[in-house]
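Let's take a walk through this model, starting with an enclosed void and working outwards to the sheets and helices around it. Keep the viewer open as you read.

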Amino acid sequence: MKSLISFFIFLLFALFAMWWYYSCDWCARNTNSQNIVTNDDKEIEAAKKKAYEDSIAAINTSVSGLSANTPENKNIFEYSENLKINADNGNVFIPSSLKGFETKIADYLGVHQDQELIISGYETLIENKDSTNLGIKRAEFIKDIIVNAGVNADRIVVDNQIKDYQYDSQKNYSGGIELQFHTLDQSRMVEVEKSIANRTLYSNFGEKTFRADATLINYALELKNYLSKYPDKLVSITGHTDNVGDEEANQWYGQQRANNVRQYLINQGIEAEKIKALSKGESSPVAPNDTEENRAKNRRIEITVN
């Protein structure tokens, strides 16, 4: 009998405890609060992850085709495709549809003698911390192409930009290069004018038949603009050769090449009386004539303005 009574007392106590637990407001509030905090943490973390992924996607998808902007942010050109950088090195892949973009840049700078081109190469924060200078290398890669199109190297500035982007499965990223024209300030103009007043030209001067290449064509535009700014200055063109062949013949070749450049500059509108042409033949080499590469360095035209 006592055991039965004890059982009923235990049962009543258990029922009371269950009622107390489930009906207790502060317990419920505490439990719900813990659940809410946990859910909020998960939602916050999910939101952060989505925001990051969206920002990466926005960067990767916002890049359109290759373009170049004026100082007023007007497009000089815009292609449907873009240059491609890769994670392994500073090389830049140029799709066939972009063929000739460097000529458009050269043409623009030829007309706008008061401007320069700024080339920015992208690199990620990790690449930047690795000190591999990938951004600069990528910009230099494009600079070389533009210089080969005839643009004065001193009118091109390269820099890097740290960007948050992702390479694709082939380690490529479509974009990675920005082209922006900028008006030369006074200090930069001084540097550019020094390069105009002392220029060495190489291309095609080892050939007997004269042909004005892109470098000479663009230099003529710079020189004409320079002389209009400094009308009292005079131009001296000196032809140089390697040591292959007879010394007297090389003297003649040097003179002929200097004469050809002089005539071309006159044809571009520079006054004939401001230009003189002479030759030093093989007498003033800048490198030993022991390899073809060195001999090519000696076959040159030097132009000075004073």
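Start with the largest cavity: H3 provides the largest share of its lining, three residues. Helices here are DSSP runs of H or I with at least four residues, strands are E runs of at least two, and both are numbered from the N terminus. Helix H3 covers 101–111, and both H3 and H7 supply at least two residues each to that lining. The full lining is Ala106, Leu109, Gly110, Gln113, Gly150, Val151, Asn152, Arg155, Asn218 and Glu222. The volume comes to about 50 Å³, and a search of the whole structure turns up two cavities of 30 Å³ or more. On a 1 Å grid over the protein atoms alone, a cavity is a set of points where a 1.4 Å probe fits but cannot get out, while a pocket is an open set with protein on both sides within 12 Å along at least five of seven lines; lining residues have an atom within 4 Å of a point. Points are joined across faces, edges and corners, and a volume is the space filled by probe spheres set on them.

A word on provenance: this is a predicted model, so local features need pLDDT of at least 70 and side-chain atom pairs count only at pLDDT 80 or more, while totals for chains, interfaces and linings use all residues. Numbering runs from 1 along each chain as its sequence is written, and side-chain values use heavy atoms, with hydrogens and water left out.

Zooming out, the chain has nine helices and twelve strands. Buried residues (under 20% relative accessible area; exposed is over 50%, partly exposed in between, with a 1.4 Å probe and protein chains only) make up 34% of the 306 residues. Of the contacts (heavy atoms within 4.5 Å) with a separation of 6 or more, 72% are between residues 24 or more positions apart.

Now the sheets. One is open, with five strands in the order S2-S1-S8-S5-S6 and mixed pairing; two strands count as paired if DSSP finds at least two bridges between them. Strands S2 (75–78) and S6 (156–162) are at the edges with a single partner strand each, so one side of each has no neighbour in the sheet. Neighbouring strands of this sheet are turned by 20° against each other on average, direction ignored. Inside it, S5 (residues 115–123) and S8 (residues 177–183) pair antiparallel over seven bridges, with glutamine 115 opposite threonine 183 in S8. Helix H5 (residues 134–148) lies across S5, S6 and S8, at about 140° to S5. Axes are lines fitted to C-alpha atoms, for helices over the stretch in contact, and angles run from 0 to 180 degrees between N-to-C directions.

S8 also leads us to the largest pocket, where it gives the most to the lining, with four residues. That pocket holds about 260 Å³ of space. Its lining has 15 residues, and Gly65, Ser67, Tyr122, Ile177 and Glu178 lie nearest the centre.

Next comes helix H6 (residues 186–197). Its twelve residues should span 16 Å at 1.5 Å a residue (1.5 Å times one less than the number of residues), and the end C-alpha atoms are 16 Å apart, which agrees. Its buried residues are Arg188, Met189, Val192, Glu193, Ser195, Ile196 and Ala197. Among the elements covering them are S5, S6, strand S9 (198–201), helix H7 (214–229) and strand S12 (300–305).

S9 takes us to another open sheet, with four strands in the order S9-S12-S10-S11 and mixed pairing. S9 and S11 (275–281) are the edge strands, each with a single partner strand, so one side of each is left without a neighbour in the sheet. S9 runs antiparallel to S12, joined by four bridges, and asparagine 198 sits opposite threonine 304 in S12. On S9, Arg199 and Leu201 form the covered face, while Asn198 and Thr200 form the uncovered one. Strand S10 (residues 235–240) runs parallel to S11 over six bridges, and the partner of valine 235 in S11 is isoleucine 275.

Two helices lie across this sheet's strands. H7 crosses S9, S10 and S12, at about 10° to S12, whereas H8 (residues 247–267) crosses S10, S11 and S12, at about 160° to S11. Finish at proline 231, in the loop between H7 and S10, which counts as partly exposed at 47% relative accessibility.
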